[in-house]
Amino acid sequence: MSDMNHVFLSGNLTRDPFINDTNAKFTIATKVWSFKDKKTITKFINVIAFGGAKAYMEKFGRKGLFIQTFGNLESYKDEKRDVWVLSYVAREITIVNQVKN
């Protein structure tokens, strides 16, 4: 059976990515429809990228860009807080438009 854990997300970068030696961390602002409120609301999704996706964000990522990402959800246990954490890991990233200076 093939892996079914695939996620596509698109949205605007809320700030420049935080880059360290192993990964890039950033937040995407996405718009979703609220059936309860009958209006569009903004959700903020934390994203982590490794390898080529990290290098791409290091070179091109900056606040305001509209990007599309492909990745998967991963969970891990945070031993300090004794809770399970669900993370979105971007495997591929594409810039859809550029920020005008």
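N23 counts as buried in this predicted model, because its relative accessibility of 8% falls under the 20% limit for that class. The residue belongs to strand β3, which runs over residues 23–34. Its side chain makes a polar contact, at 3.5 Å, with the side chain of T22. When the neighbours within four places in sequence are set aside, the residues in contact with N23 are F18, I48, A49, F50 and K54.

One of these partners, I48, leads on to the largest pocket, since I48 is listed among the residues closest to the centre of that pocket. The largest pocket holds about 350 Å³ of space, and of the 17 residues that line it, those closest to its centre are N46, V47, I48, S87 and Y88. Two or more lining residues come from each of the strands β3 (23–34), β4 (39–50), β5 (66–78) and β6 (83–97), and strand β3, which contributes to this lining, is also the place of N23. In chemical character, the lining divides into 11 nonpolar residues, 3 polar residues and 3 charged residues.

As to how far the coordinates can be trusted, the protein chain averages a pLDDT of 91, and 94% of the residues score at least 70. Among the elements of the chain, confidence is highest in strand β2 (residues 18–19), at 97, and lowest in β6, at a mean of 92; strand β2 includes position 18, where F18, a contact partner of N23, is found, while β6 is one of the elements that line the largest pocket. Where pLDDT is low, the predicted coordinates should not be read in detail.

Definitions and conventions: Residues numbered from 1 in each chain as written. Predicted model: local features only at pLDDT ≥ 70, side-chain atom pairs only at ≥ 80, totals over all residues. Heavy atoms only, no water. 1 Å grid on protein atoms, 1.4 Å probe; cavity = no way out; pocket = protein on both sides within 12 Å on 5 of 7 lines; lining within 4 Å. Points joined across faces, edges and corners; volume = space filled by probe spheres on them. Helix = DSSP H or I, 4+ residues; strand = E, 2+ residues; numbered from the N terminus. Nonpolar A, V, L, I, M, F, W, Y, C, P; charged D, E, K, R; others polar. Buried < 20%, exposed > 50% of the residue type's maximum accessible area, 1.4 Å probe, protein only. Polar contact = N/O pair within 3.5 Å; in protein donor to acceptor, adjacent residues only side chain to side chain. Contact = heavy atoms within 4.5 Å. pLDDT = per-residue confidence, 0-100.
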